[in-house]
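Please examine the model below. The questions that follow ask how its terms are justified.

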Amino acid sequence: MIPSHSLFASLTHPLPPPPPPRLPNLPSFRPRATLLSRVFHVPSRRCHRQRLPWGGGAVRALDAAQAFDYESRASEELEQRARLKIAIVGFGNFGQFLARTFAAQGHGILAYSRSDHSAAAGSLGATFFRDPHDLCEQHPDVVLLCTSILSAEAVLRSLPFQRLRRSTLFVDVLSVKEFPKNLLLHILPPDFDILCTHPMFGPESGKHGWAGLPFVYDKVRIGESEDRVDRCRRFLDIFAREGCRMVEMSCAEHDENAAEIQFLTHTVGRILAKLNLKSTPINTKGYETLLKLVENTCSDSFDLYNGLFMYNKNSTELLERLELAFDSLKKELFGRLHDILRKQLFESPNGSSAPVAKDN
Ligand code: NAP
């Protein structure tokens, strides 16, 4: 027997079917239907109501015939489509820092590193791989190169590209940009997409959130198809959603700027660290800034600092300029001191220029 509230019965029965059972505590999906219908072309219920000739009862039956969780499933599908499977290669300090936000946004995280970071990965809901072959066989959408600048080439060359999907997107976050750009263009198969980025903050400066912090990127090679463009956009969107200041800039231009703002900052921080500065009961604001600078710069590895010097051709010139500036400042100070001493040596106490006799 056909139940009286079935779709068939509602079309043939002269009486309107009973109202669908009330489901308490379920969220109303009506407001989201407008957004979803734009994305998925969900047919609007009001349209049915206007077009159907046989009155309200039948419309209610059609409503009931649609799976009650249709919209929540559509919403889930939308979120699923926005999610990326990101393989982080180099799961050290910075890799883990980024993974925390990726995971919070619902992206799938795979991790691979020289050392065993499986406990850290587990605590972030990420899967840790000891073998790059196993990692690549997971077919991530994005491979994020997050290893030290000094080891980047060796690590990249050790990855079995043939196990990845042909259109994989490679992203790097190295703090220098010309070097990884040339490396990726040279080593990766031509089908892979390349996005060079530099989040200009770290675990210390970004510990309270990323809002307003600069994120530099250069779309070095992104295929023209809609899915490749969309994948790159979704990756960049991770940082945009956190409120980063998104700056599109060529790798060369980045390196020119970064020598001053980054290498200089790190160099001054490390020079100050050599002075072994201590906090005192009478710290001024300026001195507090210096102590903070030491803390910020020295919490990064020396490898990172060394990489900023070795792999940015503008850094050598900056180091020379810094030395010249220091010498010139010293000259100015000692020059003034000499002037005063000379005056004391060669001028008599009554103002005449006769030299003052000195006892030996
Ligand atoms: P890092 O010292 O520059 O790099 C540490 C990472 O490199 C770890 O994952 C480490 O692996 C790996 N590594 C080092 N030597 C290796 C080798 N010989 N072979 C294989 N892997 C090696 O410190 P980081 O702060 O984590 O930075 C990672 C990357 O992010 C760097 O390229 C850096 O320029 C960039 N970045 C850092 C910051 C920041 O504030 N820290 C900000 C922006 C960009 P294991 O841990 O497994 O040993």
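Q: Why is the approach of the ligand to Phe91 called a polar contact?
A: An oxygen atom of the ligand is 3.4 Å from a polar backbone atom of Phe91. A polar contact is a pair of N or O atoms within 3.5 Å, so this pair qualifies. The model is predicted: local features need pLDDT of at least 70, side-chain atom pairs need 80 or more, and totals for chains, interfaces and linings use all residues. Residues are numbered from 1 along each chain, and side-chain values use heavy atoms, without hydrogens or water.

Q: What makes Ser113 and Ser148 polar contacts of the ligand?
A: A side-chain N or O atom of Ser113 lies 2.6 Å from a ligand oxygen, and a backbone N or O atom of Ser148 lies 2.8 Å from a ligand oxygen. The protein covers 86% of the 870 Å² of accessible area that the ligand has on its own (Shrake-Rupley method, 1.4 Å probe).

Q: How many residues surround the ligand, and what makes a residue count?
A: A residue counts if one of its heavy atoms lies within 4 Å, and 27 residues surround the ligand. Ser113, Ser115, Thr147, Ser175 and Ser301 are the closest.

Q: What links Phe94 and Trp210 into a cluster?
A: Ring pairs (centres within 6.5 Å) link a cluster that includes Phe94, Trp210 and Tyr217. The structure holds 17 aromatic pairs.

Technical notes:
A polar contact is a pair of N or O atoms within 3.5 Å; within protein, one must be able to donate a hydrogen and the other to accept it, and residues adjacent in sequence count only if both atoms are side-chain atoms. Rings of Phe, Tyr and Trp (its six-membered ring) pair if their centres lie within 6.5 Å; planes under 30 degrees apart count as stacked, over 60 as edge-to-face and the rest as tilted.
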